Amino acid sequence: MQSDNPIIKVAFKDLNFTKAEMKIIEPLFHKINVKKGTILLNAGDLVDVQYYILEGCLRTFHTDSHGKEHTIQFGIKDWWVSDFTALLDSDKAILTIEAIQDSTVYKISKQDMNDLYTKIPKIDSYFRIKLERSFAAFQKRILSYLSQSAAERYLNFINTYPNIEKNVKNYHIASYLGMTTESLSRIRKEL
């Protein structure tokens, strides 16, 4: 059965639910409209939620001991974002999550998500597949850092994430790619 609720219609678009299952899912997700610049999670906070992005763009980053920000992930429409290491370990965040565009997100607690996995097993399978794909993407990114030139990393980024590249500031992209904004500008000019 189809639902008009965006969390079911969009986030779980590949799954079909009964009315009873929809009644279980819907109250567990909380819609939040966030303005550009809003911090959803600060490093040091306890992490017990994850976010589904309905609209907008979020950035997950780590600030090192010198105050330099390292962008770990951009989250756009139909992505799930959290400090997953801290979430899974029930620990304090090492990452910060910031809205870099006005965004609409749905928040769900770790406990509520675990309850969904138990009550609706197809959601557990759905997220296992998403997690496997995310893990593979992170491995590819690490390998690109180790084996590709800065220009190759940039080309790979714009080919893989064209919707992110046109909506994100240069210094965020440079941080994500592990280079300075000057290097990114030089690479763009050369290409």
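Helices are runs of at least four residues that DSSP assigns as H or I, numbered from the N terminus. By that rule, Leu146 is found in helix α5. The model shown in these figures is predicted.

**Figure 1. Overall view of the protein, with its nine helices and eight strands.** The radius of gyration is 18 Å, close to the 16 Å that the globule rule gives for 191 residues, so the protein is as compact as a globular protein of that length. Along the principal axes, the C-alpha atoms fill a box of roughly 55 × 35 × 30 Å. Buried residues account for 39% of the 191 residues. Among contacts with a separation of 6 or more, 68% are between residues 24 or more positions apart. The accessible surface is about 10900 Å², and carbon and sulfur atoms hold 53% of that surface.

**Figure 2. The largest nonpolar core, made of 21 residues.** Phe12, Phe17, Ile25, Phe29, Trp80, Leu116 and Ile123 are the members that touch the most other members. Two or more residues of this core come from each of these elements: α1 (6–11), α2 (19–25), β3 (49–55), β8 (103–109), α4 (110–119) and α5 (121–147). In soluble globular proteins, nonpolar side chains tend to be buried together.

**Figure 3. Close-up of Ile123 and the residues around it in the core.** With neighbours within four places in sequence left aside, Ile123 is in contact with Phe12, Leu15, Phe17, Ile25, Leu116 and Tyr117. Phe12, Phe17, Ile25 and Leu116 are, like Ile123, among the residues that touch the most other members of the core.

**Figure 4. A nonpolar patch on the surface, which includes Leu146.** The patch is made by Ile142, Leu143, Tyr145 and Leu146 and covers about 430 Å². Leu146 has a relative accessibility of 69% and therefore counts as exposed. The helix that holds Leu146 is α5, which spans residues 121–147 and also gives two or more residues to the largest nonpolar core.

**Figure 5. Surroundings of Val47, in the loop between β2 (39–41) and β3.** Val47 counts as buried because its relative accessibility is 6%, under the 20% limit. Not counting residues up to four places away in sequence, Val47 touches Leu41, Ser82, Asp83, Ala86, Leu87, Asp91 and Ala93. Ser147 is 100 residues from Val47 along the chain, and the C-alpha atoms of the two are separated by 33 Å.

**Figure 6. Arg59 and its salt bridges to Glu69 and Glu98.** Side chains of opposite charge can pair when their charged atoms come close. In the pair of Arg59 and Glu69, the distance from N to O is 2.7 Å. Arg59 lies in strand β4 (residues 57–63) and Glu69 in strand β5 (residues 69–76), so this pair ties together parts that are ten residues apart in sequence. In the pair of Arg59 and Glu98, the closest N and O atoms are 3.1 Å apart. Glu98 belongs to strand β7 (residues 96–99) and Arg59 to strand β4, so here the parts tied together are 39 residues apart in sequence. Arg59 has 2% relative accessibility and so counts as buried; Glu98 is buried too. Glu69, at 34% relative accessibility, counts as partly exposed.

**Figure 7. A salt bridge within helix α5, between Arg128 and Glu132.** The N to O distance between the two side chains is 2.9 Å. Arg128 and Glu132 are four residues apart, about one turn of the helix. Arg128 counts as partly exposed at 44% relative accessibility, and Glu132 counts as partly exposed at 45%. Elsewhere, salt bridges that share partners join Arg59, Glu69 and Glu98 into one network. The protein has seven salt bridges by the rule used here.

**Figure 8. Helix α8 (residues 170–177) and the residue just after this helix.** Six of the eight residues of α8 are buried, so the helix is largely enclosed by the rest of the structure. The buried residues are His172, Ile173, Ala174, Ser175, Tyr176 and Leu177. Just after α8, Gly178 takes a positive phi of about 75°.

Methods. Residues numbered from 1 in each chain as written. Predicted model: local features only at pLDDT ≥ 70, side-chain atom pairs only at ≥ 80, totals over all residues. Heavy atoms only, no water. Core = buried A, V, L, I, M, F, W, Y, C linked by side-chain atoms within 4.5 Å. Buried < 20%, exposed > 50% of the residue type's maximum accessible area, 1.4 Å probe, protein only. Contact = heavy atoms within 4.5 Å. Patch = residues over 30% accessible without salt bridge, like charges linked within 9 Å, V, L, I, M, F, W, Y side chains within 5 Å. Areas by Shrake-Rupley, 256 points an atom, 1.4 Å probe, with all protein chains shown as cover. Salt bridge = Lys/Arg side-chain N within 4 Å of Asp/Glu carboxyl O. Rg over C-alpha atoms; globule rule 2.2 N^0.38 Å.
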